[in-house]
Amino acid sequence: MPIRSKGLRSKTRHLLLKDPRNKGRLPPNRVLAQFEVGARVAIKLEPSQHGGMTHKRFQGLTGTVRGKQGVAFVIDVLHGNMPKTLVVRAEHLLALE
């Protein structure tokens with residue numbers, strides 16, 4: 001019997017599902033978004049863009065921008081009671097304010 005794959009996108013059939021009207025390319029303002037240090041952002045994974053995507057467990061969490069690393073942003077989040085540092089690209093982030 002084959003061994004089941006347990007990759008980063010396993011068990012995400014409904015989590016990473018897009019509405020049929022929103023499928024396709026992203027608007028440029030989503031990809032080129034800039035966030036200031038200290039800004040509050042929500043992590044909303046964009047399934048059409050694989051680069052810079054966090055693990056599925058961080059979908060829907062809210063964090064604070066700590067800085068920039070290349071084209072990505074360094075985000076501080078609380079997962080349970082543990083502080084985590086994530087490196088996420090702009091297309092997977094939404095500004096909250």
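Two strands are taken as paired if DSSP finds at least two bridges between them. The views below show a predicted model, and the pairings described in the legends rest on that criterion.

**View 1. The whole chain, with one helix and five strands.** Read from the N terminus, the elements follow the order α-β-β-β-β-β, and the C-alpha trace spans about 50 × 35 × 25 Å along its principal axes. Of the 97 residues of the chain, 32% count as buried, while the chain exposes about 6900 Å², of which carbon and sulfur atoms supply 54%. Among the contacts with a separation of 6 or more, 53% are accounted for by residues 24 or more positions apart. The chain carries 18 positive and 6 negative charges, and the mean positions of these two sets lie 12 Å apart.

**View 2. The open sheet, formed by five strands in the order E4-E3-E2-E1-E5.** The pairing in this sheet is antiparallel, and its edges are strand E4 (82–88) and strand E5 (93–95), each of which pairs on one side only. Neighbouring strands of the sheet are turned by 45° against each other on average, with direction ignored.

**View 3. Strand E1 (residues 40–43) beside strand E2 (residues 62–69).** These two strands pair in the antiparallel sense over three bridges, and since two strands pair if DSSP finds at least two bridges between them, the three bridges of E1 and E2 satisfy the criterion. Arginine 40 has threonine 64 of E2 as its bridge partner, and valine 41 stands opposite glycine 63, also in E2.

**View 4. Strand E1 beside strand E5, paired in the antiparallel sense.** The pairing of E1 and E5 runs over three bridges, and the bridge partner of alanine 42 in E5 is leucine 94. E5 is an edge strand of the sheet, and in the strand order E1 stands between E2 and E5.

**View 5. Glutamate 46, in the loop between E1 and E2.** Glutamate 46 has a relative accessible area of 4% and is therefore buried, because the term applies to residues under 20% relative accessible area. Leaving aside its neighbours within four places in sequence, glutamate 46 is in contact with Lys18, Leu26, Arg30, Met53, Glu91 and His92.

Note on methods
Residues numbered from 1 in each chain as written. Predicted model: local features only at pLDDT ≥ 70, side-chain atom pairs only at ≥ 80, totals over all residues. Heavy atoms only, no water. Helix = DSSP H or I, 4+ residues; strand = E, 2+ residues; numbered from the N terminus. Axes fitted to C-alpha atoms, helices over the stretch in contact; angles between N-to-C directions. Buried < 20%, exposed > 50% of the residue type's maximum accessible area, 1.4 Å probe, protein only. Contact = heavy atoms within 4.5 Å. Areas by Shrake-Rupley, 256 points an atom, 1.4 Å probe, with all protein chains shown as cover. Lys, Arg positive; Asp, Glu negative; His and termini not counted. Charge placed at Lys NZ, Arg CZ, Asp CG, Glu CD.
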